[in-house]
Amino acid sequence: MLAFLRWLRSILFGALNGIIKFTVAIVLIFLVLVVIGLARGDGLPGKMVLTLDLRSPIKDSASVDPFDFGGRPTTVMDVVLGLDRAGRDSRVKGIFLRVGTADMPVAQAEEIGAALKRFRATGKFVVADANGFFSAGLGDYLTAASADEIWMQPGSPFGAAGAGTDGLYLRGLFDKINAVPQIVKRSDYKSAAEMYMEKERTPADREQTTAFLQSWVDNATSAAAADRHLDPKAVAAAFEASPQFAADAKTRGLIDKIGYDDDAHNAALDRAGSGASSLALRKYMRETQDDTPTGGQIALIEASGEIVDGTTHSGGSIGSSDVIAGDDMAAAIRQATKDPQIRAIILRVDSPGGSVTASDQILDAVRKAQAAGKPVVVSMGMLAASGGYYISTSANRIIAEPATLTGSIGVLTGKVSIGKSLGLVGVGADDIGVGKNALFDSAVSPYTPDQLANLNMQADTIYADFTAKVAAGRKLPLAQVQAIAKGRVWTGADAKPRGLVDQLGNFWTAVEVAKQLGGIAPGTQATFKMYPRPQGFFSAMDSTFASTSAGMRAMQGMDAILNMPLARSLMRAREDVPHGVEMRATGLPSDE
């Protein structure tokens, strides 16, 4: 047995030594790549037109992954920050923009459109090209309207017409199959449960839905008219004429030129001047470094997705998630709070809500940041409703796009019981519980009358707490909050006069507010520090080198190395090693 243990120990220590040697080798390779990168410069052309393809739906933001070099799709925040950097680079002459098939939400179009106009304000151009505007929604066209000129393919469709939505209602089906939906809401406008509880749209939901659709159309129409230097009534009439064709849109002044994508691309290159080359914006961002001077920093924390309890960390060092985990988000805010270089925090929110407890955990972190002297500014993306609004409510300032969907100050809870439904297809279902409410969340049995009363009590308690926190955070009378809450969704344009947001604007509006609150001098270029900071393997190298072009290219080389099968196996072995515990079998004689 002793011989076996010695053999096992030699195997374990041999594996550890191999991993350590591998790690040292990777570090050395990384440093060599940095030196090579420094010798090369960024290697980009002296005259560039950056290409930006927005023909597929994009997310507002995504979690930080220091080893992501092209695998993660471009986000709205990538575009916003990338255009800012490109606007300060004299080698970049313009943008060639592809649009038309993403059915982009109006709020995203407002954010990206503002970034394009900010880019143009530096003396550069934007040429937009569409094979057609295929959606009836206005977002794709509103994005294109921010360009200097818009091209469309001959004979292609122009479908931009307005805003609409539909609903699916299952109550009739549930009645037929003996399913029992029991979902309580606070209050009238909290409509997500209606899919299960109703057979058709309720008057309250019809009221709020019509209101935000009309707000989207009004704001998009007026913004497009301003961008195109047209009368808003003429633009509204042009949208009413859709679906139409490219020639019709040109006659109505909605576009400038008709031609194919290569014609538009060549026109952009010609406009940039002789010798200009095209380069994807995403590649440009990977190959360049931000020349922003160091100084007072602003923490940028991106909160995108459904809010959930716990953490997305699985023990590994590489990965990202599409949810806002309470532990992770609170930790990011706490990191920024403790950082002495951080003068203010921007919390970028794009979320439909989710867990009450996780939302409260994040709100507590925001409040503690404020108590520590770090002002918090919320920049709302496409959606900051329910829990997304909950985590925002205490901020020093809330900035929303006119089309942002926000509010939805309400509660939804319950279940659909399918025990009797299973019997219709010959499936027997039976549950057993010890304890009065052990089967409270059972999908087989409906709530008892006492349990339903308990559920309503929970909803009342959570709703009262939610409205009280909104009243405290927004400094509004509780009665006023109760009147505008009721689970109702508002656009940013409608939320502002009701006190739910402070100012209409885009991300850069939030930056200027954060600078002011953080005591950063007007006219000073903002510097951002992203949170959460990368954790685990190579986090030190990431924080040291990621802001330089040489470092970024070195990390690209590292990415290729780390994706080799042998490297992946060693990395997995490293992650399996317990942390903070010496790996030694007890009772073995010392080597001394």
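**A walk through the salt bridges and a sheet**

Start by selecting lysine 368, which is exposed at a relative accessible area of 52% (exposed means over 50%, buried under 20%, and partly exposed in between, with a 1.4 Å probe and protein chains only). Before you click on, note that this is a predicted model, where local features need pLDDT of at least 70 and side-chain atom pairs count only at pLDDT 80 or more, while totals for chains, interfaces and linings use all residues. Residues are numbered from 1 along each chain as its sequence is written, and side-chain values use heavy atoms, leaving out hydrogens and water.

Now add aspartate 364. Its side chain meets lysine 368 in a salt bridge, 3.0 Å from N to O (that is, a side-chain nitrogen of Lys or Arg within 4 Å of a carboxyl oxygen of Asp or Glu). Both residues sit in helix α13 (residues 356-371), four residues apart, about one turn of the helix. Helices here are DSSP runs of H or I with at least four residues, strands are runs of E with at least two, and both are numbered from the N terminus. Aspartate 364 is partly exposed, at 28% relative accessibility.

Next, jump to helix α19 (residues 507-517), where glutamate 512 and lysine 515 lie three residues apart, about one turn of the helix. They form a salt bridge too, with the closest N and O atoms 3.3 Å apart. Colour this pair by accessibility: glutamate 512 is partly exposed at 43%, but lysine 515 is buried at 4%.

For a link between two helices, select aspartate 227 and lysine 117, a salt bridge with its closest N and O atoms 3.1 Å apart. Aspartate 227 belongs to helix α7 (residues 203-228) and lysine 117 to helix α3 (residues 106-120), so this pair ties together parts that are 110 residues apart in sequence. Aspartate 227 counts as buried at 18%, and lysine 117 as partly exposed at 35%.

Want a whole cluster? Show Arg120, Asp148, Glu149, Lys257 and Arg271, which are linked in a network of salt bridges. A search of the whole structure finds 28 salt bridges.

Last stop: switch to cartoon view and look for the open six-stranded sheet, ordered β8-β4-β3-β2-β1-β9 with parallel pairing. At its edges stand β8 (257-258) and β9 (277-280), each with a single partner strand, so one side of each has no neighbour in the sheet. Inside the order, β2 (residues 92-99) pairs with β3 (residues 125-130) in the parallel sense over six bridges; strands pair if DSSP finds at least two bridges between them. To see one such contact, select isoleucine 95, whose bridge partner in β3 is valine 126.
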